[in-house]
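Welcome, and thanks for opening your viewer. Please load the model and switch to a cartoon view before we set off.

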Amino acid sequence: MATTLLLICIAGTASSRQGGFPDPAGPLDAAGARDAARLSLPERFRAVAYRSPSRSAAETASAMGLVADDDIALSDLRQGDWSGRSFAEIEAAEPGALGLWLSDPTRGAPGGETMEQARLRVGTWMDGIATRQNCVCAVTHPMIVRAALAHALDMPLRATLAVDVAPLSRTVLSFTRTWRLQSLSPVTWGL
């Protein structure tokens, strides 16, 4: 039996709109909460649901009426010293550092986690659910969706940075002996 994994990106936050690294305790902004409340999830994805432990993931799931267990494997990429800071602020304080990070995903932010570490974390989680469930929903962050794509499709991590993962977008993966990408979609729900 195939497993279908629906990854939902968290709704909008102040840092996602201004460009920056979120604080795990940061909430959705008013528009993000409103947009998440407008979404309805296909019934088949309500039975088994997980989310990142971050406040924004909890608020996204709650606004959607989704009861989801938090799972550390779905936590956002840890940005260390850059957590809660805007891209402009980082560039002003450390000229060129952000560009170096973007050009080489094997590096992490100072004191943070690398994309490879995140890929291993979420990949282990994905492989663990691959044969146990039929339909699984997970509310997580853009960088973790990218890490999941890298794991599922054996993509180079650098290539995943070219994938836009918008707030409330969905990524559908399936597993039957191997992971496959079914769809990358914006906020329309006709699964």
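This tour goes from the sheet to a helix pair and then to two loop residues. Keep in mind throughout that this is a predicted model.

**Stop one: the sheet**

Start by colouring the strands. You should find 6 of them in an open sheet, ordered β3-β2-β4-β1-β5-β6, with mixed pairing. Now pick out the two edges: β3 (69-70) and β6 (179-185) are the edge strands, each pairing on one side only.

Zoom in on the β3 edge. Select strand β2 (residues 49-51) together with β3; the two pair in the parallel sense over 2 bridges. Which residue stands opposite Asp70 of β3? Show Arg51, and you have the partner.

**Stop two: a helix across the sheet**

Next, select α6, residues 115-129. This helix lies across β1 (3-9), β2, β4 (135-140), β5 (170-175) and β6. Look along β1 for the direction: α6 runs at about 140 degrees to β1.

**Stop three: where two helices cross**

Keep α6 on screen and add α7, residues 142-153. The axes of the two helices come within 8 Å and cross at roughly 70 degrees. Because angles of 65 to 115 degrees count as roughly perpendicular, α6 is roughly perpendicular to α7. Turn the view so that one helix sits in front of the other, and you can see that the crossing is right-handed.

Now show side chains at the contact. From α6, select Met115, Ala118, Arg119, Arg121, Val122, Gly123, Met126 and Asp127. From α7, add Met143, Ile144, Arg146, Ala147, Ala148, Ala150, His151 and Ala152. Colour this set by class and you get 10 nonpolar, 2 polar and 4 charged residues.

**Stop four: two loop residues with positive phi**

Most residues other than glycine have a negative phi. The last two selections go the other way.

Go to Leu168, in the loop between α8 (157-160) and β5. Leu168 is not a glycine, yet its phi is positive, at about 65 degrees. Is Leu168 buried or exposed? Its relative accessibility is 3%, so Leu168 counts as buried.

Then move to the loop between β5 and β6, where you will find Arg177. Arg177 also has a positive phi, about 70 degrees, without being a glycine. Turn on the surface here: Arg177 is exposed, with a relative accessible area of 77%.

Key. Residues are numbered from 1 along each chain as its sequence is written. This is a predicted model: local features need pLDDT of at least 70, side-chain atom pairs count only at pLDDT 80 or more; totals for chains, interfaces and linings use all residues. Side-chain values use heavy atoms; hydrogens and water are left out. Axes are lines fitted to C-alpha atoms, for helices over the stretch in contact, and angles run from 0 to 180 degrees between N-to-C directions. Helices (H or I, at least four residues) and strands (E, at least two) are DSSP runs, numbered from the N terminus. Angles under 35 degrees count as roughly parallel, over 145 as roughly antiparallel, 65 to 115 as roughly perpendicular and the rest as oblique. A crossing is left-handed if the near helix is turned anticlockwise from the far one by less than a right angle, and right-handed if clockwise. Contact means heavy atoms within 4.5 Å. Ala, Val, Leu, Ile, Met, Phe, Trp, Tyr, Cys and Pro count as nonpolar, Asp, Glu, Lys and Arg as charged, and the others, Gly among them, as polar. Two strands pair if DSSP finds at least two bridges between them. Buried means under 20% relative accessible area, exposed over 50%, partly exposed in between (1.4 Å probe, protein chains only).
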